[in-house]
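Hi,

Here is the structure I said I would pass on. Have a look at it first, and then read on for what turned up.

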Amino acid sequence: MAESHEVDSVTGTATTGHVWDGISELNTPLPRWWLWLFYITIIWAVGYWLVYPAWPLVSSYSRGAFGWQSREAIEIDLADLRAQRGPMVQKLAAASLQEIVADPQLLTFARAQGRPVFAENCGPCHGSGAAVTKGYPNLNDDDWLWGGKLDDIAQTIRHGIRANDGDTRQSLMPAFGRDAMIKRDEVEAVADFVRSLAGLPVDAHADLARGKKVFADNCASCHGDTGKGNRELGAPNLTDGIWLYGADRATIVDVIWNGRGGIMPAWSQRLDDTTIKALAVYVHTLGGGEK
Amino acid sequence: MTPSTIVRPPARDPPKGAGTEPELFEIAKSAEMVRLHPELDEEPEDDTPLYMARRKIYPQRVHGTYRKIKWLVLFVTLGIYYCLPFVRWDRGPDAPSQAVLIDFPGRRFYFFFVEIWPQEIYYLTGLLIIAAMVLFLMNAVAGRVWCGYLCPQTVWTDLFQTIERWIEGDRREHFLRDRSGWSVERAARAGAKHFVWLMIAWWTGGAWVLYFSDAPTLVRDLATLHAPFVAYLWIGILTLTTYTFAGHMREQVCLYMCPWPRIQAALIDEYALNVTYRYDRGEPRGSIKKSAVLRAKGLPSGDCIECLQCVYVCPTGVDIRQGPNLGCIQCGLCIDACDAVMAKIGRPARLIAYDTDINIQHRQRGENPVYKIVRPRTALYATIITIVGGAMLYVLATRHSEAISVIHDRNPIFVRLSDGAVRNGYTIRIINKRLESREFILSVAGVAGALVDFADLPPREDGRLVIEVGPDQTREVRVLVTDYALTPPASAPIAFYLYDMVTGERAYANDNFRGPEGG
């Protein structure tokens, strides 16, 4: 600076000329090593450009001296993780579903493995908490279409329902009305009868006797004489409080008229068997699993 | 006295008194005294430079009371640091047997009979509060005693300077050797010094990593090159920082890098003891002969004979006679140096002493000095230390060795079962801080007649909900509570009780049971 400022008498250091409340600011020189550190940081930054991918080029980017890529770094991390989990995964692969549940350590591991797999693959339909999506079964409750034991759940996950798989669970709720198997008033009567089976209120003028007859002729073969359902055929229990599509009369009429045939994919085509076991254990321990 | 808060580089103006006695200063300069002391070299001041080269300091060896205290502190602190990882403490078969261990993989901190879990990190908060308050209290009582005696930067620098004096000679010898041009001997001495420095720095880094793993095992692994890379990395980092900071940066760390000098300058008050040059006794300063002449004439004459010993021994290159100084770490070595001189010239000791400017003014007025250790601020600091320390001890002494925490399922909040019952799911985490496996009985209160069951544990034959938690472990278990009442309440408080089957110790956690009408 051309202008010379007052020199502080105590320290012998020049001041910057800035004064606040009578206190002037010393213009203390920086230590020279600080300046060297500053240069070193610049050199360090240049080093970064050379070592790591840094500069966008016309159709590519500078790759860095060692070809480091974040994607490969993740691959290495994942390989480490797999190696770390290896012994437990092998135990999981060797154990039966019953053995997994009996071993607390294996059970915890299976649940931990199953949770993200469920969120990734099952959540889109069943919901992230496996509950409350119309048309997709709530997996927390005690009502199972095809069975809630460990092996039942694993079978359903592996081969799916009405899926493109030789061992898939197969059944059909016919479109009784649309396909003219029964008449409109018969559909309405049987709908009233089904509601009465579950203890739901029905209209005073409903012809329950006729509904009962239609039910016996058409529905009982799958749903059972008392409407308790049949897990061999995936026919839901019509007497309990859980309704996949809804319990109001219009919905029931619609189901009988148009039929239903929800599809679940066969996950063995996508997930390995160990993962499916972990998933089955996870679903089983959500709360509804049957012993 | 107003404490000086300004950043002050090593003095560049001649010492006080030189102005009144210019010929003395000239004599001193011609006798190489001042050239031996480069801090006092004059420099043009008209054009302030942006950067300043460091002036190398050659602190002179000194003997005396404060030097002895510093040796003692150095041996005790470094002794603790280097040896503590090897101290054993038997905790049984399920826990490490190292007295002080920070176990990151196991997420535990062991300190003799205390074991801290990550959830108890608030102890660290308490320790930090106590540490800050102790620092403030030290500062209020006797200035920067932390800096002068206890700071790792000071302790290691002291050690490195001692080694430097052993190998390259004391102040004068080392100074002249540095200016004598390179020779085989000089190179050999410098090489030996840096080798010893690096060995100490290496062992400093080595001791550091031992706090994070079983020390004897890690030493063996390190020696056989089987230790994890991160151990070698940290040893390397700490070797480098110790060698750089204690060997090369030294007082630069205190002057430019450390925030504490600035904070303490703002915290200090007029009653805090500081290393103080008693100018009431020392001035006017002058040579022994001149003083004798002045005294013979009955004229005022000070005890300071301008021998500059106080400056020569200073590890940060400060002239204490200029008053309170940012560079002064209050180690008291100048007191020892001055006392030695005073003894030789037959004057009373403690021309430089831990004292206050207030006392100097008292003495100048013929009054008695005042030492006020108990002041509002020292009382406040001591009270805070007592309260926080007491609270920590209380919490530590009464803490439970078991705990339970509950997380209510968020999705779904409740589940309707086929018979209309309402079920809530909870994830319960049980903590067992004992170093033995324990069995707990879980019970639930709040929802009358509710069925409680583990979702992922096999049922016990006796129907009780028993959970075994391993030694020093936590266990998570899902609990299902099902209410079969036909009209469940909207939401009801629910409590989970844990009961140790052997010791009868209890823990509980509160939550809510949510139903369809629940908000």
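In chain B, 30% of the 519 residues are buried, where buried means that 20 or more other C-beta atoms lie within 10 Å of a residue's own, exposed means 12 or fewer, partly exposed is anything in between, and the C-beta atoms are placed from the backbone. Before the rest, a word on what you are looking at: this is a predicted model, so local features need pLDDT of at least 70, side-chain atom pairs count only at pLDDT 80 or more, and totals for chains, interfaces and linings use all residues. Residues are numbered from 1 along each chain as its sequence is written, while chains are lettered from A and ligands numbered from 1 in the order in which they are written.

On confidence, the predictor gives the complex an ipTM of 0.78 and a pTM of 0.77. Chain B has a mean pLDDT of 87, with 89% of its residues at 70 or more; pLDDT is the predictor's confidence in each residue, on a scale from 0 to 100. Where is confidence in chain B lowest, and where is it highest? The low end is helix α2 (residues 33-36) of chain B, at a mean of 46, and the high end is helix α3 (residues 65-83) of chain B, at 96. Over residues 1-35 of chain B, pLDDT stays under 50, and the model has 59 contacts beyond four places in sequence for that stretch. A contact here means that the C-beta atoms of two residues, placed from the backbone, lie within 7 Å.

Staying with chain B, you will find 18 helices and 15 strands. These are DSSP runs numbered from the N terminus, with helices being H or I of at least four residues and strands being E of at least two. Of the contacts in chain B between residues at least 6 apart in sequence, 71% join residues at least 24 apart.

Strand β13 (residues 473-483) of chain B is a good place to zoom in. It runs antiparallel to strand β9 (residues 422-432) of chain B, and eleven bridges join the two; strands count as paired if DSSP finds at least two bridges between them. In that pairing, B:Asn432 has B:Gln473 of β13(B) as its bridge partner. β13(B) also pairs with strand β11 (residues 451-454) of chain B, again in the antiparallel sense, over four bridges. There, B:Leu451 is matched with B:Thr482 of β13(B).

Chain B is divided into domain 1 (56-399) and domain 2 (402-514), with bounds that come from an automatic or database domain assignment. Taken over C-alpha atoms, the centres of domain 1 of chain B and domain 2 of chain B are 55 Å apart. How many residues are in contact between these two domains? Five residues of domain 1 of chain B touch four residues of domain 2 of chain B. On the domain 1 side, that gives two nonpolar, one polar and two charged residues. For those classes, Ala, Val, Leu, Ile, Met, Phe, Trp, Tyr, Cys and Pro count as nonpolar, Asp, Glu, Lys and Arg as charged, and the others, Gly among them, as polar.

One residue to click on is B:Arg107, in the loop between β2 (100-103) and β3 (108-111) of chain B. B:Arg107 counts as exposed because it has 11 C-beta neighbours inside 10 Å. Its C-alpha atom is separated by 64 Å from that of B:Pro284, 177 residues apart along the chain.

Now for chain A, which has nine helices and three strands. From the N terminus on, its elements run β-β-β-α-α-α-α-α-α-α-α-α. Chain A is more spread out than a compact globule, because its radius of gyration is 35 Å, well over the 19 Å that the globule rule gives for 291 residues. That radius is taken over C-alpha atoms, and the rule is 2.2 Å times the number of residues to the power 0.38. Along its principal axes, the C-alpha trace of chain A spans about 110 × 55 × 45 Å.

Chain A is also divided in two, into domain 1 (70-116) and domain 2 (150-284), and their C-alpha centres lie 36 Å apart. Between them, 13 residues of domain 1 of chain A are in contact with ten residues of domain 2 of chain A. The largest share of that domain 1 side, six residues, comes from α4(A).

Cheers
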